[in-house]
Amino acid sequence: MVHIKDWPEGERPREMLLEKGPEALSDAALLAILLRTGRQGKDAVGLAREMLSELDGFQGLLSVTYEDLLKIKGIGKAKIAQILAAMEIVKRQLRQPLKRLNIIQSPHALFEYLKASMSNLRREEFRILHLNRAKELIAEEVLFKGTVDVSFIYPREIVDSALRKKASALILAHNHPTAAPEASEEDLQLTRSLVQACWTVDIPIVDHIIIGNYSLKKAA
């Protein structure tokens, strides 16, 4: 096995990044810098290339879990921690503008964040975005994680969450891991029941987003 440290200096990912900038590196080379080492028979770049292929690129890596990474040969706890930390930095950077924007008037940043963090999830996930009076994000909560196809959502849980966070309005979001992003009849019924429940405590649900940019804003 040829180690990256034995490559010509000008071809090593870390040295290339420092000399030419990160934009000069391939996706695999960038990820290899995080991995630092490969495994028996495969250097860090080869291992990174394999990971990106299995996970559908960086988009999939953003949604990867500890359990997903643990299944990849040559990825131990130290590498997993580095990868998850780097991906969380990316997600927080995408979420940061939402704390300074009126999300209702500027929905693009919200859609981009939700697509990046949810579109490759392998299980259905239901999230609540809590907004203040200025419609800026004050908190995000993953309330339910279901099986591949189903999540069980209870209106009381949504109301309790909103009251705990002292939200003035809510946006709901969930993903369809194995189906098209169009709203099902169950999605429509769920939205109506949650809107009614939250109105009892004067907290409006201003939108319900299914990943794929399908909005249920008018469903209720």
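In this predicted model, F144 has a relative accessibility of 13% and therefore counts as buried, the cut-off being under 20%. F126 is likewise buried. Y154, by contrast, has a relative accessible area of 49% and is partly exposed.

These three residues belong together through their rings. A pair of aromatic rings is described by the distance of the centres and the angle of the planes. Two aromatic pairs are found when the whole structure is searched. In one, F126 and F144 meet edge-to-face, at 6.3 Å centre to centre and with 65 degrees between the planes. Because F126 lies in strand 1 (residues 125-131) and F144 in strand 2 (residues 137-145), this pair ties together parts that are 18 residues apart in sequence.

The rings of F144 and Y154 have centres 6.4 Å apart and planes at 65 degrees, so this pair is also edge-to-face. Here F144 of strand 2 is joined to Y154 in the loop between strand 2 and helix 8 (155-165), and the pair therefore ties together parts that are ten residues apart in sequence. Through these ring pairs, F126, F144 and Y154 are linked into a cluster.

Attention now turns to the largest pocket, whose volume is about 490 Å³. Its lining comprises 22 residues, of which K91, L121, E125, R127 and K145 are the closest to the pocket centre. Two or more lining residues come from each of helix 6 (77-95), helix 7 (108-118), strand 1 and strand 2. Helix 6 gives the largest share, five residues. Sorted by class, the lining has twelve charged, seven nonpolar and three polar residues.

Methods
Residues numbered from 1 in each chain as written. Predicted model: local features only at pLDDT ≥ 70, side-chain atom pairs only at ≥ 80, totals over all residues. Heavy atoms only, no water. Phe/Tyr/Trp six-rings, centres within 6.5 Å; stacked < 30°, edge-to-face > 60°. Helix = DSSP H or I, 4+ residues; strand = E, 2+ residues; numbered from the N terminus. Buried < 20%, exposed > 50% of the residue type's maximum accessible area, 1.4 Å probe, protein only. 1 Å grid on protein atoms, 1.4 Å probe; cavity = no way out; pocket = protein on both sides within 12 Å on 5 of 7 lines; lining within 4 Å. Points joined across faces, edges and corners; volume = space filled by probe spheres on them. Nonpolar A, V, L, I, M, F, W, Y, C, P; charged D, E, K, R; others polar.
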